[in-house]
Every structure is written in structure tokens, then in C-alpha cells.
Amino acid sequence: MAKNLVEFRNLKTFFYTEEGVVKAVNDVSFSIREGETVCIVGESGCGKSVTALSLMRLIQSPPGKIEGGEIIFDGRDILKLSEAEMRRIRGNEIGMIFQEPMTSLNPVLTIGEQIMEPLMVHKLMTKKEAWNKAIELIKQVGIPRAEQIMTSYPHELSGGMRQRIMIAIALSCDPKLLIADEPTTALDVTIQAQILDLLRKIKQERNMALMLITHDLGIVAEIADYVVVMYAGKVIEEAPVRELFKNPKHPYTRGLLKAKPIIGQRQERLYTIPGQVPNPIGLGDYCYFSDRCEYAMDICRQKIPQLAADENGHKVACWLYEGEWKK
Amino acid sequence: MSEPLIEVKNLKKYFPIRGGILQRTIGYVKAVDGVTFTINKGETLSLVGESGCGKSTVGRTIIRLYDKTDGEVFYKSIPIHSLKKSELRKLRPKMQLVFQDPFSSLNPRLRVGDAIGEALLDHGLISKNELRDKVIETMEICGLAPYHIDRYPHEFSGGQRQRIGIARALILDPEFIVLDEPVSSLDVSIQAQIINLLMDLQEQKGLTYLFISHDLSVVEHISTRVAVMYLGSIVEMAARDELFAHPLHPYTQALLSAVPIPDPDLKRERIILEGDIPSPANPPKGCKFHTRCPLAKDICREQVPEYKDVGGGHFVACHLV
Amino acid sequence: MDQVNVNQPLDYKKKNNLKKAPSIWRDAFHRFLKNKYAILGLVILTFMFLFSFVGPYFSPYLDAKIDVSKGNQPPSAEHWLGTDNLGRDVLLRLMLAGRISLTIGIAATLIIVLIGGMLGSIAGYYGGWLDVIIMRLADIIYAMPGLPILIMLGAIMSDLKIPPPQRIYYVMFILGFISWVGLARLIRSQILSLKEQEFMLATEVLGLRDSKKIIKHLFPNVLPTVIVSATLGVAGAILSESALSFLGLGVIPPTPSWGYMLSAANNMIDFAKRPWLWIPPGVAIMLTVVAINFIGDALRDAFDPRQKI
């Protein structure tokens with residue numbers, strides 16, 4: 001089995017707002033192996049993006065602050081590195097693409113300048129070398145007429161093209177890990193299919209690890225090797241993709257799977273999870289899902305369940321499975 | 001077959017593109033370029049398509065939020081676009097719209113109760129004394145608690161705001177509601193709540209829906225019939241089960257195959273379309289889809305395909321069918 | 001953002017107990033009273049008004065004649081703030097000047113809000129050729145160099161021998177007339193962006209009357225902008241009047257205004273040796289402007305429902 005590339009150990013990232021402390025990432029641990037695709041799934045506000053930004057050390061402070069834990073990347077604790085060391089990792093060893101391809105490119109620089117910049121900074125290439133490498137990258141992400149694109153400005157390209165360019169920039173320094181934060185949410189279905197296809201292809205070619213953040217379980221099923229489900233700042237379940245979809249354990253994961261209509265499997269009525277995500281401020285020491293859970297027991301409202309694995313390595317944080325852990 | 005409630009005949013909506021110092025019209029975005037369909041009483045017709053295909057513009061032009069460029073829309077045989085402003089205002093309560101964005105569609109400085117009740121009062125459909133009870137009743141139907149009535153929109157989550165938007169439309173006792181991507185900005189668990197609410201309301205009140213969406217899995221769940229739009233035109237329309245079982249247009253087929261399905265063991269033959277959607281300001285000649293169509297032939301590049309019935313109310317516009 | 005808990009059981013009996021909530025105005029009033037700075041501002045401003053309009057009646061020097069022999073006395077038990085070069089009581093003059101300055105500030109602002117608010121709203125809401133005409137007019141006024149125009153107008157007023165009591169009305173009007181442009185532009189752009197919001201489209205879907213659209217939807221959303229610029233306007237007008245008087249174009253002697261009194265600092269001897277002549281009006285202007293800004297900020301927050309009560 002491949003070794004761990006990234007390991008989150010009890011990561012805690014809090015935001016200090018006027019209303020109170022938001023524990024956006026609250027004691028999160030999981031790992032990503034080399035060459036593996038890990039999907040972080042959850043609804044808005046569950047802390048999935050903040051987890052990724054913590055890894056990049058891009059949490060705005062204030063109001064945000066990484067309060068504890070470790071993030072081991074390739075043998076180093078990211079949280080202990082200096083800002084200069086961190087800059088060498090960002091965009092060089094870890095690439096990142098965002099949801100909004102419209103705003104993540106600089107509108108006054110040409111596409112070529114934006115792809116060449118990290119090459120010249122991190123790989124110390126000459127302008128000529130960077131130009132050639134940039135053209136090669138543009139071709140790799142499936143855009144024809146690369147020379148013409150090099151001299152275009154972002155507004156001249158469509159959303160799908162811009163997202164491809166973002167991927168090209170992220171790939172420019174051959175990162176070991178690519179973080180994709182909802183990379184297809186702003187795109188149309190047919191374009192989404194193109195981008196997912198591209199991500200899968202690139203990952204295979206380069207044996208690069210992919211950390212994909214999404215709310216769409218369909219995308220997870222298509223691309224993930226391993227899935228981490230988050231709810232209100234905590235990991236509530238994690239398992240290899242087949243295991244998770246075949247045998248979802250946490251009532252929240254099950255509810256999510258049942259609540260989504262699926263083409264070709266029409267039901268008369270959709271299953272719903274009652275209520276809504278709790279207010280992240282001032283959560284007590286109990287299972288955060290307990291007030292929406294149809295299986296909630298007394299203990300669920302008194303103690304936080306810990307993440308524990310069964311014999312297949314399927315981890316879940318739920319009091320319903322307490323008996324299984326002891327075995 | 002039930003009677004038609006809305007009839008749309010060759011509806012066109014062009015938005016002018018202005019340029020130069022004098023802001024003269026230098027071209028048109030043909031957002032809706034001749035669509036014809038009917039919506040029967042009590043059914044849900046879904047309009048599906050990708051961004052820029054004109055589906056929202058159709059929804060807004062049908063209820064005359066935008067003035068048409070050509071064609072006509074009939075509501076119970078009344079030509080909507082020929083009405084005077086005062087006549088249109090009287091008809092407004094019967095045709096409602098629920099917006100996509102639950103944040104910008106509510107006035108941040110208006111209490112929820114006022115937002116829901118003000119139109120009823122303004123149209124003189126209720127007395128001031130009865131208003132509050134009616135608002136509370138409608139809020140409860142839409143799954144909002146009575147004590148929410150005096151709060152402001154910012155105190156609510158996206159799903160609840162969408163319920164407020166639905167209550168605001170519902171209180172006027174409409175017959176026809178345009179649902180403009182009502183669930184696409186919501187999380188999955190909330191999406192299901194809202195879809196169920198919409199379907200329950202339809203059943204209880206015999207509502208007619210035009211459901212605009214890009215999410216085919218939601219469309220399959222909610223629709224009676226489905227129309228697929230591409231660059232301002234309808235390329236295929238059929239009853240739901242027929243369309244999902246036997247899609248005829250290559251675009252519909254590609255759309256269907258592009259939807260990710262939450263089943264890691266499922267291996268599908270996937271049609272991945274090349275390229276991007278062309279600009280509606282400068283659509284391709286002939287069949288508008290030919291630039292991306294994997295099956296395009298010479299005829300597709302020259303002639304506009306006829307929109308024809310291939311049997312059983314299944315309409316398609318493609319040379320190859 | 002605090003969210004409402006839908007899981008809380010619905011209490012149907014409560015339904016009848018739900019009383020009509022206070023209006024947005026009452027809410028705003030309550031929020032306003034909770035703001036410490038607002039109260040402070042209100043207290044200072046009330047004091048300034050009482051000081052200026054009621055204060056003079058308590059002064060023993062109200063009917064005093066000019067007496068140069070008592071000129072330029074430093075503060076004493078008799079004259080708390082000393083006397084000026086003509087032997088007049090500075091405290092009394094400060095009070096009388098306050099009447100003029102406060103009146104000009106408020107009246108000029110009212111003119112700005114009336115003209116600017118109306119023209120800006122019309123241009124933004126109706127658009128089309130009305131918008132073009134109003135905005136071009138605004139451009140023209142904006143492009144005119146302010147100070148030369150004021151100097152010119154001041155000269156014309158002197159030429160026409162307009163008596164001093166009337167002259168302050170002209171000053172108010174001129175200040176209002178040249179300053180409405182900024183507010184009109186601000187309101188227009190605000191309305192244009194509001195019109196793009198879906199809730200304005202929603203009012204059309206609901207078939208609301210135009211009057212209701214404007215009063216209930218547009219107006220409350222523009223109000224904060226108007227309040228903030230109006231409060232800045234009061235302060236601005238007081239300062240502009242000072243500048244005009246300083247140049248000898250505003251109110252003219254013997255009617256004092258704070259700005260006019262401040263121009264005593266123009267003179268090196270007065271500036272260095274007789275600070276009682278210019279410090280009091282300076283402090284008065286500063287206190288008034290600060291108080292008004294406190295009140296303006298508080299009003300803006302008071303009309304924002306996102307602020308907690």
C-alpha cells in the first residue's frame with residue numbers, strides 16, 4: 001500500500017466572530033495516500049473548504065486561527081513551517097483550484113503570463129523554457145490552439161476553459177497533491193463531465209494525489225477512491241468509495257444518499273432529513289446530528305461520539321455502532 | 001387530456017447589445033428564439049438546459065416580466081402581452097414566480113410577514129384584520145413556524161428563505177407558478193424538503209408549474225413533461241418517462257449521460273461533448289447544435305431542422321431522427 | 001448569522017398571542033436609543049441648540065453697545081470668554097453665531113436632500129431621457145469650479161446690496177444648490193443596483209402598485225445612504241459657510257457666524273495673543289460636527305435590521 005502523503009491529526013481551525021466562536025474544523029483527522037483521490041463531502045458550512053485552506057495555510061487571520069493539531073505533508077508538519085517555506089510548498093508541491101474560475105484568474109494578465117509565473121518562480125525556468133512548458137500544459141488540459149490562448153485574457157474564455165487553465169496552472173510545477181474545491185459547481189453538466197474526465201486522466205498520468213471537495217455524491221461516486229463525510233466541522237464517516245456507497249453507516253450519510261433523486265430510480269417521494277444544519281456557534285458536547293437524527297438515543301444528546309473503525313477499516317462516529325467497536 | 005392553461009406561440013425575446021459612444025444597438029442576443037409549447041392544467045412542465053440557453057428568459061417572458069420581441073402567450077386564452085398595464089396587474093396574483101436566489105429575492109428591510117402578506121393587501125384581496133391569520137396559515141403550510149412572522153430575512157437559512165419565497169407566491173392563490181431553479185442553490189438535504197413541499201402543494205391546490213432547472217435528476221423526479229432547450233430553442237419535448245427512456249436528440253442524450261450518478265459500480269457509456277456552448281449573440285447557422293454534435297452531417301450545418309412530432313407528443317428537432 | 005431553529009415545536013396556541021410587531025420606525029428608534037454614541041451626540045447637539053437659541057436671553061450684554069475701551073479683554077468673571085476688539089462679549093457672540101451656523105447647516109442640508117434625493121431617485125428609477133437630462137445637468141454643475149462661482153455670487157450679492165439678514169438665506173441656497181450633485185449621483189447608483197436585485201423584480205411579479213414599490217421596497221433601502229450623506233452634509237455646510245465667511249463672502253458683519261468668528265485667526269496677533277477669540281468657535285464647530293456624525297452613524301445602523309436590538 002502506498003504511504004501517506006498528507007495526514008491531518010486533530011486539526012482544529014476556529015473563527016472568532018462577533019457572535020461567538022465558530023469551530024469550522026473541530027478535531028479532524030484523516031489521511032491521503034500518494035496517488036489517491038480523496039473526496040471530502042458535506043453540505044455548506046460543514047468545514048470541508050476550511051480543512052483544505054488550513055492545509056494550504058490560507059486561513060485569513062483574523063478572524064480565523066488554526067488552534068491545534070498537526071498536518072503532516074510529506075514528512076513535515078505544515079503548521080510549523082515558516083511563511084517562506086510555506087510559499088515554496090504552495091503552488092509547487094501542492095496545487096489548488098477553486099470553485100469560481102471567473103474570479104481566480106487575474107483579469108489584466110494574459111493566460112500565458114499567469115501560467116508561466118509559477119514556472120519561473122518555483123522551477124527557475126527561463127522565459128523561453130516557461131513558454132514552451134506552458135504550451136505543453138495547455139495542450140495537456142485539452143485546449144486546442146495553445147499559442148493563441150497564451151496571449152488571450154481571461155475574459156475571452158468561457159467558464160470551462162478558465163477552469164482548464166486553472167488546472168494547467170495548478171499542474172505547472174508537478175505537484176504531489178492537487179486540491180480541487182468544488183471545481184465543477186459553477187459549470188454546466190456537459191462541461192462538468194469534461195473537467196471530471198480531465199482530472200481523472202491527469203491524475204492517472206502523473207500518479208498525483210487529488211483532494212476533491214464537493215457536495216455532489218454523484219461526483220464522489222465517479223472519481224473518488226476514498227470518501228470523508230463531514231458534518232458541522234467533524235468527520236462523521238470515512239471509508240473506501242465502494243464500501244461507503246454500498247454500506248453507508250452514519251444516519252446522515254444514509255440520509256444524504258436517500259435524499260438525492262437519481263435518474264432512472266424514481267421514487268414517489270424523496271426521503272428528507274428533517275431540520276437544518278445547526279448554528280455553528282455554541283454547540284455543546286453531544287452528537288451534532290442528534291436533533292435531526294431519527295435514531296437518536298439519550299446518549300447521543302449527552303456525549304460526542306468518537307470516530308472508530310470496524311474490521312473493514314470503515315470508520316464512523318455514531319453511538320449506534322458502539323457495540324461493533326468493542327469486538 | 002386536460003385543458004391547456006398556458007399556450008406559448010412562437011415566443012421570441014431578443015436583448016439588444018449596445019455599443020459605441022451613442023449606445024446604439026449593434027446586435028441582439030437571441031435569448032429565446034421562437035419557442036412553442038402548451039402547459040396543461042395541473043401538470044409540471046420542466047425546461048432543462050445549460051446556462052445561457054434561455055430557459056429563465058422563457059419563464060420570465062411568459063409572465064411578462066420581460067416584454068416579448070415576437071409571438072404571444074395565452075393564459076386561459078387571454079393574450080398576456082396584449083394586456084394594458086392595469087389589466088396585467090389584476091392578473092398578476094394568478095401567475096407567480098419563485099426565484100433561484102433566496103438571498104436577493106427577499107427585501108432585507110421587510111419583515112417576513114409583511115413580505116408574504118403585502119401583495120394580498122395591495123390587491124385588496126383581504127382586510128387588514130384578517131391578513132395576519134392568513135399569513136400565519138400560509139407560513140404553516142410552507143413549513144414555517146408562526147413565530148417567524150416578525151423576523152427579518154437575514155435570520156433565516158437558504159432553505160427557509162426559499163419557503164418564504166414559496167409562501168409569498170402561494171398566498172395569492174395562484175394557478176400557475178414559474179419555479180426558476182428553486183432548489184439549485186440549496187444543499188441536498190434541504191433540496192429534498194423543498195421538492196417535497198412543492199409536490200405536496202401541487203397535489204393539494206391543483207397548481208400548474210413551469211419548472212426551470214439544469215439538474216436532470218430533480219427534473220425526472222418532479223415533471224409531467226420535459227422540454228430540453230439549447231441556445232434559445234426547444235430541441236426536444238416529451239412526457240417524462242418517454243424522454244428519459246428514449247431520448248432522441250443527441251444533445252438530450254449527452255446531457256443525460258453527463259449527470260453523475262451516485263453509484264461507484266455503475267459503468268456507463270459516456271458521451272462527452274466537445275467544446276463550449278456558442279454565444280447566443282452569434283449562434284451557429286443550420287442546426288444550432290452542430291458545432292458540438294458528435295453525429296453532425298452536412299445537412300446539419302446548412303438547414304435548420306424541423307421541430308416535429310415523432311408520435312405520442314414526443315417532439316424533436318433533429319435531421320437524424 | 002443566527003439561524004432560526006425550525007425544530008422547535010410549533011406552538012399553535014401561541015398563534016393568537018402573536019401581536020403585531022412594531023414598525024420599522026419603532027424598531028429603528030429602539031436601536032437608536034441603545035447606541036451610546038447616539039445619545040452622546042444627541043445630548044451635545046441639544047446643548048448646542050439651547051446654547052445658541054435660548055442662551056442669549058440670559059446674557060447681560062444683549063443690549064450692550066460697542067465699547068472699544070473694553071476691547072480685547074481676556075476671559076474674566078465678567079466676560080467668561082473675554083471680549084473682542086470692539087468690546088463685545090465673546091460668549092454672547094458665540095451664541096448668536098451658533099444660531100446662524102446651525103440654521104445654515106440644517107437648511108442647506110435640507111435643500112441638498114430635497115433636490116438631490118428627488119432628482120437622483122427620478123433619474124435612477126425611471127431612467128431613459130429623464131436620467132440623461134438630470135445627469136448631464138449634474139455633470140455641468142459638478143464641472144463648475146466651486147470657489148470662483150461662490151466668489152462671483154458673493155460679489156453679486158454685495159453689488160445688489162442685499163441686506164445681511166436676507167443674505168444668510170442666499171448663502172444657504174447657494175450651498176445647497178452646488179452640493180446636491182453628489183447625493184443625486186449616489187442615490188441614482190444605489191437605485192440602479194437595487195433595481196437589479198431580485199426582490200424588486202419580485203414586486204413586479206406580485207403586481208404591487210408603483211407607490212408601494214417605492215415606499216416599502218426602494219425607499220427603506222436608500223434611506224441609510226441619505227441619512228449618512230445628510231449628516232455629513234450638515235457638517236459640510238457649516239464648514240463651507242465658515243470658508244465663505246472667512247473669505248468675506250458669507251454672512252457679513254455685524255451678524256456673526258462661527259466661521260466668521262474663526263476668521264479672527266487670520267490675524268497673527270489675534271492668533272498668537274488672543275486665543276479666546278478663535279478657540280471657542282473652533283470648539284463649537286468641532287463639537288457640533290462630531291455630534292452630528294455620531295447621530296448619523298447611529299441612524300444608519302438603526303435602520304439596518306441586521307443589527308441586534
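A salt bridge is taken here as a side-chain nitrogen of Lys or Arg within 4 Å of a carboxyl oxygen of Asp or Glu. By that rule, two salt bridges are found across the interface of chain A and chain B. The model under inspection is predicted, and the tour begins at this interface.

**Stop 1: the interface of chains A and B**

Select A:R242 together with B:D265. Their side chains meet in a salt bridge, with an N to O distance of 2.3 Å. On the side of chain A that touches chain B, the elements giving two or more residues are α7 (189-206), α8 (217-223), α9 (241-246) and α10 (251-259) of chain A. Colour α7(A) separately: with eight residues, this helix gives the most to that side. Sorted by class, the side of chain A that touches chain B holds 19 nonpolar, 13 polar and 13 charged residues.

Next, widen the selection to both sides of the interface. Here 45 residues of chain A are in contact with 41 residues of chain B. The size of an interface is often given as the accessible area lost when the parts come together. For chain A and chain B the buried area is about 3,700 Å², and carbon and sulfur atoms give 56% of this area. Between the two chains, 17 residue pairs are in polar contact, both residues being at pLDDT 80 or more.

**Stop 2: the sheet of chain A**

Select the strands of chain A in the order β2-β1-β4-β5; they form an open sheet of four strands with antiparallel pairing. At the edges stand β2 (21-33) and β5 (76-77) of chain A; each has a single partner strand, so one side of each is left without a neighbour in the sheet.

Move to the pair β1(A) and β4(A), which run antiparallel and are joined by eight bridges. Within this pair, show A:F8, whose bridge partner in β4(A) is A:I71.

Then show the side chains of A:R9 and A:E70. These residues form a salt bridge, and their closest N and O atoms are 3.1 Å apart. The pair links distant parts of the chain, since A:R9 belongs to strand β1 (residues 4-16) and A:E70 to strand β4 (residues 64-73) of chain A, 61 residues apart. Over all chains, the rule gives 45 salt bridges.

Finally, add helix α1 (residues 48-55) of chain A. This helix lies across β1, β2 and β4 of chain A and runs at about 115° to β1(A).

**Stop 3: the sheet of chain B**

Turn to chain B, where an open sheet of four strands has the order β2-β1-β4-β5 and antiparallel pairing. Its edge strands are β2 (24-40) and β5 (78-79) of chain B, each pairing on one side only.

Select strand β1 (residues 4-19) of chain B with β2(B): the two run antiparallel and are joined by 13 bridges. Which residue of β2(B) stands opposite B:Y14? The residue to select is B:K30.

The last selection is helix α1 (residues 55-62) of chain B, which lies across β1, β2 and β4 (70-75) of chain B. Its direction is at about 115° to β1(B).

Notes
Residues are numbered from 1 along each chain as its sequence is written. Chains are lettered from A and ligands numbered from 1 in the order in which they are written. This is a predicted model: local features need pLDDT of at least 70, side-chain atom pairs count only at pLDDT 80 or more; totals for chains, interfaces and linings use all residues. Side-chain values use heavy atoms; hydrogens and water are left out. Contact means heavy atoms within 4.5 Å. Buried area is the accessible area (1.4 Å probe) that two parts lose on being put together, summed over both. A polar contact is a pair of N or O atoms within 3.5 Å; within protein, one must be able to donate a hydrogen and the other to accept it, and residues adjacent in sequence count only if both atoms are side-chain atoms. Ala, Val, Leu, Ile, Met, Phe, Trp, Tyr, Cys and Pro count as nonpolar, Asp, Glu, Lys and Arg as charged, and the others, Gly among them, as polar. Two strands pair if DSSP finds at least two bridges between them. Axes are lines fitted to C-alpha atoms, for helices over the stretch in contact, and angles run from 0 to 180 degrees between N-to-C directions.
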